[in-house]
Amino acid sequence: MLRVGVMVSGGGTNLQAILDAIDAGKIRNASVEVVISNNPGAYGLERAKKHGIDAICISPKEFADREQFNEALVAKVDEYQLDLVVLAGFLVKIPQQMIDKYEHRIINIHPSLIPSFCGVGYYGLKVHEAALARGVKITGATVHYVDGGMDTGPILLQKAVEVKEGDTPTILQRRVMEEAEWVILPQAIDRIANP
């Protein structure tokens, strides 16, 4: 059984997609052991509690410096003996010590077709604003392994989504979530759990 930890900063819609896929048997041989957020108000923590999953907030604001926060975050992840860490809208840079310790065991979902619209500053609606400003006809989502760079790790899965006439960043964001993110993130976890 693959022991999974999910890290969220906001609503937790990707977390919900994972939980629904486990319940529906679309993710086999995996269980979410803990949900960790940097944001005490993240609705993703409520989703975890409703599912009977440990919901933990570790906020950088609670620590004197980033180093102490990083140590606390890694210690908490270690505590759960996780096989896979899933970044599902986690808006905090993962400490290098955690990337080294969990090499090829951390994945991220990004709301574009990497290498487009990724890297520093590209998160949330900013990604979709940039895609619309550039005039792309196709966008999508990418699941990739996390390495020392920002959105630079090896790609596991990608799914394309059509950009439609009249799309706003919010409309496009919703379509990318529904048609790509919520599809390929569970697929990636199932693939890792069942090689």
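Q: Let's start at Met1. Leaving aside neighbours within four places in sequence, which residues is Met1 in contact with?
A: With that filter, Met1 is in contact with Asn29, Ala30, Ser31 and Asp83. Keep in mind that this is a predicted model.

Q: And how far apart are Met1 and Ser31, in sequence and in space?
A: They sit 30 residues apart in sequence, and their C-alpha atoms are 7.0 Å apart in space.

Q: Is Met1 buried or exposed?
A: Met1 counts as exposed because its relative accessible area is 70%, and the cut-off for exposed is over 50%. As for its place, Met1 is in the segment before β1.

Q: OK, new topic: helices. How many residues does α3 have?
A: Helix α3 has 14 residues, running from 66 to 79. From its first C-alpha to its last it reaches 20 Å, which is close to the 20 Å expected at 1.5 Å a residue.

Q: Which residues of α3 are buried?
A: Those are Phe69, Asn70, Leu73, Val74 and Val77. Looking down the axis of α3, the buried residues fall within an arc of 130°, so they line one face of the helix.

Q: What do the buried residues of α3 pack against?
A: They pack against three strands, β1 (2–8), β2 (30–37) and β4 (84–87), plus the helix α4 (96–101).

Q: What goes on at the start of α3?
A: There, a side-chain oxygen of Asp65 comes to within 3.2 Å of the backbone nitrogen of Glu67.

Q: And just after α3?
A: Gln81 is found there, and this residue takes a positive phi of about 50°.

Q: Switching again: how much space lies in the largest pocket?
A: About 790 Å³. The pocket is lined by 38 residues, and the closest to its centre are Gly89, Phe90, Leu91, Asn108 and Tyr123.

Q: Which elements each supply at least two residues of that pocket's lining?
A: Helix α1 (13–23), strand β5 (106–110) and helix α6 (169–193) each do.

Q: While we're on α6, where does Asp190 lie?
A: Asp190 lies in helix α6.

Q: Buried or exposed, that Asp190?
A: Asp190 is buried because its relative accessible area is 11%, and buried means under 20%.

Q: What does Asp190 touch, if you don't count residues up to four places away in sequence?
A: On that count, Asp190 touches Lys26, Ile27 and Arg28.

Notes
Residues are numbered from 1 along each chain as its sequence is written. This is a predicted model: local features need pLDDT of at least 70, side-chain atom pairs count only at pLDDT 80 or more; totals for chains, interfaces and linings use all residues. Side-chain values use heavy atoms; hydrogens and water are left out. Helices (H or I, at least four residues) and strands (E, at least two) are DSSP runs, numbered from the N terminus. The expected span of a helix is 1.5 Å times one less than its number of residues. Buried means under 20% relative accessible area, exposed over 50%, partly exposed in between (1.4 Å probe, protein chains only). The arc is that of the directions from the helix axis to the C-beta atoms. Contact means heavy atoms within 4.5 Å. A polar contact is a pair of N or O atoms within 3.5 Å; within protein, one must be able to donate a hydrogen and the other to accept it, and residues adjacent in sequence count only if both atoms are side-chain atoms. On a 1 Å grid over the protein atoms alone, a cavity is a set of points where a 1.4 Å probe fits but cannot get out, and a pocket is an open set with protein on both sides within 12 Å along at least five of seven lines; lining residues have an atom within 4 Å of a point. Grid points are joined across faces, edges and corners, and a volume is the space filled by probe spheres set on the points.
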